[in-house]
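This report walks through selected helix packings, the surroundings of a ligand and a few local backbone features. The structure comes first, and the discussion then starts with one pair of helices.

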Amino acid sequence: MTDPHAWFDEARFGLFVHFGLYAIPARHEWSMTRERRTVEDYARYAEVFDPDRFDARRIARAAREAGMRYAVLTTKHHEGFCLWDSDLTDYTSQTACGRDLVAEWVEALRAEGLRVGFYHSLLDWHHPDYTIDLQHPLRDHPDRESLNAGRDMARYREYLHGQVRELLTRYGTIDYLFFDFTYAFEGGKFPADWDAEHLMAMVRELQPGILVNDRLGIPGDLVTPEQYQPAAPMTDEHGTPVRWEACQTTNGSWGYDRDNLEFKSADLLLRMLVDSVAKDGNMLLNVGPDGRGGLRREDVDVLASIGDWMELHGESVHGAGPAEGLRAPEGTLLTQRGDRLYVHLTTWPMQHVHISGLAGKVRFARLLHDGSEVAHTTIDPEQKAWNTTVGGLGADVVTFTLPIMRPDV
Ligand code: FHN
């Protein structure tokens, strides 16, 4: 039987999009709770929500051109504002501006040949029955206990399941569902708070081939390390390899954070992507559209730079995985696809790269970006090019330096 999630391993690279009312205060997608905003005060943003520059097709095209094969949109974040025309609340983009942004998202992704992903928050700081916990905007309220006495989490669970049902029955095949998130400790939320087992069963019944993450607090189809790169391929408690995806950001923020200009370079993000593939994982890279729904210039530029590299090197990422039985020295990442080994140097010029275990296995070494042979050459280091010395390809140890090249080099 074919693995319904094989597309995910082939894809290796996806786009994460955090968009909601929080793009208007433009400080953090947790503004509502960090600033202890009341529901009434925060809901004023819905009255001015007008994402005139939210262009799902433009976002999908930028993702495809960056070499991404799937994309995940926040259908609802913790603030509770819904980007689709839900029957269960008026706190939606449909009510605010007459647009079902989830519908626009799905149509755009399919038009660009991308797999469709939904992020859905389990937390909901707007809903009157969602119990006030340590993450809630009202957590310091003097009457928290009496306020909670009037809240019925069972009614919230019904709302949560009902909205997930809407999302999985109105927009055709959904490939990936990213629930977010369970914090199972005193004063937090446990899987039972979501009725996680029944919710997962419903998801599988409505969308049999869907990929679901691990943040319901019960086992899903993959694990999702957040804002760090695992040190090695990820395994479960028994040492069995597990599917995993690192979710990362371009600038450390998920939602639009106007004053945060600490953007990672395309080189660093590419190293993180190749690092994920070398450890048999994926990378989901986040951008946060601004208060009008437009992508910020820095995100557009970094996705375009990544796309330049992926145009020439994508075969070392898509459908690739760890190099079998080989170890890479510090500063070198190895990925493999079929009988092709890809040697990614993350620093150069380097004198030597020693990769043992290749005796007699290397038929030909060349640069991936232009197909040129890697031979005994010494190029003038002043040209900021690189030295290449290739040991006897039949030798026990193949020694060559192959910087990660980009068209502009
Ligand atoms: O609280 C959220 C956060 O805002 C963001 O959505 C990330 C993305 O994975 N998930 C939660 C923090 O783990």
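## Helices H8 and H10

Helices H8 and H10 run roughly parallel to each other, because angles under 35 degrees are counted in that class, and the angle in question is a crossing of roughly 15° between axes that come within 10 Å. The coordinates behind this statement, like those behind everything that follows, belong to a predicted model. H8 covers residues 153–169 and H10 covers residues 196–206, and the crossing of the two helices is right-handed.

On the H8 side the contact is made by Leu-160, His-161, Val-164, Arg-165, Leu-168 and Thr-169, while H10 contributes His-198, Leu-199, Met-202, Val-203 and Leu-206. Sorted by residue class, the residues of this contact comprise seven nonpolar, three polar and one charged.

## Helices H4 and H6

A second packing involves helix H4, residues 56–65, and helix H6, residues 101–111, whose axes are 8 Å apart and meet at an angle of about 40°. H4 and H6 are therefore oblique to each other, and H4 passes H6 in a right-handed crossing.

From H4, the residues Ala-56, Arg-57, Ile-59 and Ala-60 meet Glu-104, Trp-105, Ala-108, Leu-109 and Ala-111 of H6. This contact between H4 and H6 divides into seven nonpolar residues, no polar ones and two charged ones.

## Helices H11 and H12

Helix H11, spanning residues 266–278, packs against helix H12, spanning residues 297–313, at an angle of about 55° and with the axes 9 Å apart. That angle makes H11 oblique to H12, and the crossing of this pair is right-handed.

The H11 residues Ala-266, Leu-269, Leu-270, Leu-273 and Val-274 meet Val-302, Ser-305, Ile-306, Trp-309 and Met-310 of H12. In the contact of H11 with H12 there are nine nonpolar residues and one polar residue, with no charged residue.

## Surroundings of the ligand

The ligand is surrounded by 14 residues, and the closest of these are His-18, Glu-29, His-78, Asp-180 and Glu-226. Oxygen atoms of the ligand take part in two of the pairs described here: a polar side-chain atom of His-18 lies 2.7 Å from a ligand oxygen, and a polar side-chain atom of Arg-215 lies 3.1 Å from a ligand oxygen. For Asp-180, the partner is a nitrogen atom of the ligand, which is 2.6 Å from an N or O atom in the Asp-180 side chain.

Asp-180 also takes part in a backbone feature, since the peptide bond from Asp-180 to Phe-181 is cis, with omega near -10°. Phe-181 is found in the loop between strand S4 (176–180) and helix H9 (191–194).

## Two aspartates in loops

Asp-195 is found in the loop between H9 and H10, and although Asp-195 is not a glycine, this residue has a positive phi of about 55°.

Asp-221 lies in the loop between strand S5 (211–212) and strand S6 (245–249). When neighbours within four places in sequence are left aside, Asp-221 is in contact with His-5, Arg-204, Ile-210, Leu-211, Val-212 and Arg-243, and with Arg-204 the side chain of Asp-221 makes a side-chain polar contact at 2.9 Å. The C-alpha atom of Asp-221 is separated by 25 Å from that of Glu-112, a residue 109 places away along the chain.

How values were computed:
Residues numbered from 1 in each chain as written. Predicted model: local features only at pLDDT ≥ 70, side-chain atom pairs only at ≥ 80, totals over all residues. Heavy atoms only, no water. Axes fitted to C-alpha atoms, helices over the stretch in contact; angles between N-to-C directions. Helix = DSSP H or I, 4+ residues; strand = E, 2+ residues; numbered from the N terminus. Parallel < 35°, antiparallel > 145°, perpendicular 65-115°, else oblique. Left-handed = near helix turned anticlockwise from the far one by under 90°. Contact = heavy atoms within 4.5 Å. Nonpolar A, V, L, I, M, F, W, Y, C, P; charged D, E, K, R; others polar. Near = heavy atom within 4 Å. Polar contact = N/O pair within 3.5 Å; in protein donor to acceptor, adjacent residues only side chain to side chain.
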